[in-house]
Amino acid sequence: MLDATDQQYFQNLKHLWALFRETGEISPEVRPMIASSWMRSRDFHVDMMKPLRAPILSRPELQALQATNQTLIDLAKPIMEKMHSLVGKTKNLISLHNPDGYMLYSCGDEYYAEMETESSFSLGVCWQERYIGTNGITLALLEDSPVQVYGAEHYCAAQHDGTCSAAPIHDRDGKIIGVLNMAGKDWSGTLHTMGLVALAAFSIENHLTLLHTYKLVDTAISSISEGIVVVDHELCIQRINRGGEQILCSNKEKLLGRSISTWFGARYEELQSRLQKEMNPFSFAEEELLVEGHHISCNISIFPIAVEQ
């Protein structure tokens, strides 16, 4: 059996698809994953020759679904836009779908912007196999793995001029929470495209894990009664708990992102010197801070954190 990256396989695809359409016979040259999908699509009575017709959510339904998946969308959006900037004007549409195949967000070039009125490229459209036949999004969900679907491997003729490269997105427990897809008009596709999509999906997963870690840190910090302020290497505040807000007579909305360098007055140079030389905790007893015009007397314990590069 020929591999999907073999040029002869690409050249034979339309013949193999036509053979199945006319006789119901599937050649052993067809990849097993695709053959199984063709048979399921036939059992779903998907019309191979008609334009794609899939269910599409109403605006309120779409907004509700996007709200449910807002964290995933927020994390995926900048990564998808970066992908789009890398592939340039190559007639590619990058889309994010939920585990039921509904499109949550997309970005693409002008070619797809002009086609947004078509249901298959609209937000809220459902890309399930039962509606539009063999496609990368469904197979990525079923296989739980990055996949590419080339040209006439798609069940419906309307998709024979393109390639789908899709990869599942998992939460920290391994559950599929979405699918990232790149649809392009290069019928042969490339393994590089699938690698890019898989890497982007992995990046989204890492961001989700990091976000979960941040939430755990926030929960732990919030449960401590003493004032805690977390700063970065430039001494800008990244986190502060309720106890810290009370001691500093301020709130996190005002403090986040602000530098603590001005709080210490003449003591700042000593603080800076010790942070550069020491990794052990140290303290300033009965220190007087100047915070937003307020003189605040308190004991300060400082715990440097080393971050591996």
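Here are some friendly notes on this predicted model, moving from its sheet to one of its helices and then to its cores.

1. **The sheet.** A good place to begin is the open sheet, which has five strands in the order S2-S1-S5-S4-S3, paired in the antiparallel sense. Strands S2 (103-108) and S3 (147-150) are at the edges; each has a single partner strand, so one side of each lacks a neighbour in the sheet. From one strand to the next, the twist averages 15°.

2. **An edge strand and its partner.** Now follow S3 to strand S4 (residues 163-170): the two pair antiparallel over four bridges. You can find two of the partners yourself. Val147 has Ala166 as its bridge partner in S4, while Val149 has Cys164.

3. **Two faces of S3.** Are the residues on the two sides of S3 buried or exposed? Val147 and Val149 lie on one side, Gln148 and Tyr150 lie on the other, and all four are buried, which leaves both faces of S3 covered. As background, side chains in a regular strand alternate between the two faces of the sheet.

4. **Helix H3.** Which residues of helix H3 (residues 59-68) are buried? They are Leu62, Leu65 and Gln66. Looking down the axis of H3, you will see these buried residues fall within an arc of 100°, so they line one face of the helix. On the face turned away from that buried side sit the exposed residues Pro60, Ala67 and Thr68. The cover over the buried residues of H3 includes helix H4 (70-87) and strand S2.

5. **The largest nonpolar core.** This core has 35 residues, and those with the most contacts inside it are Ile34, Trp38, Trp127 and Tyr155. Helices H1 (7-23), H2 (32-43) and H7 (136-143) each give it two or more residues, as do strands S3, S4 and S5 (176-184). Which element gives the largest share of this core? Helix H1 does, with seven residues. It helps to remember that nonpolar side chains tend to be buried together in soluble globular proteins.

6. **Trp127 and a second core.** Try picking out Trp127 in the structure. Leaving aside neighbours within four places in sequence, its contacts include His97, Met103, Ile132, Ile137 and Gln159. Another of its contacts is Cys164, the residue of S4 that is the bridge partner of Val149. Finally, there is a second, separate core of 28 residues, with Ile79, Val87, Tyr102 and Cys126 among them.

Methods:
Residues numbered from 1 in each chain as written. Predicted model: local features only at pLDDT ≥ 70, side-chain atom pairs only at ≥ 80, totals over all residues. Heavy atoms only, no water. Pairing = 2+ DSSP bridges. Axes fitted to C-alpha atoms, helices over the stretch in contact; angles between N-to-C directions. Buried < 20%, exposed > 50% of the residue type's maximum accessible area, 1.4 Å probe, protein only. Arc of directions from axis to C-beta. Contact = heavy atoms within 4.5 Å. Core = buried A, V, L, I, M, F, W, Y, C linked by side-chain atoms within 4.5 Å.
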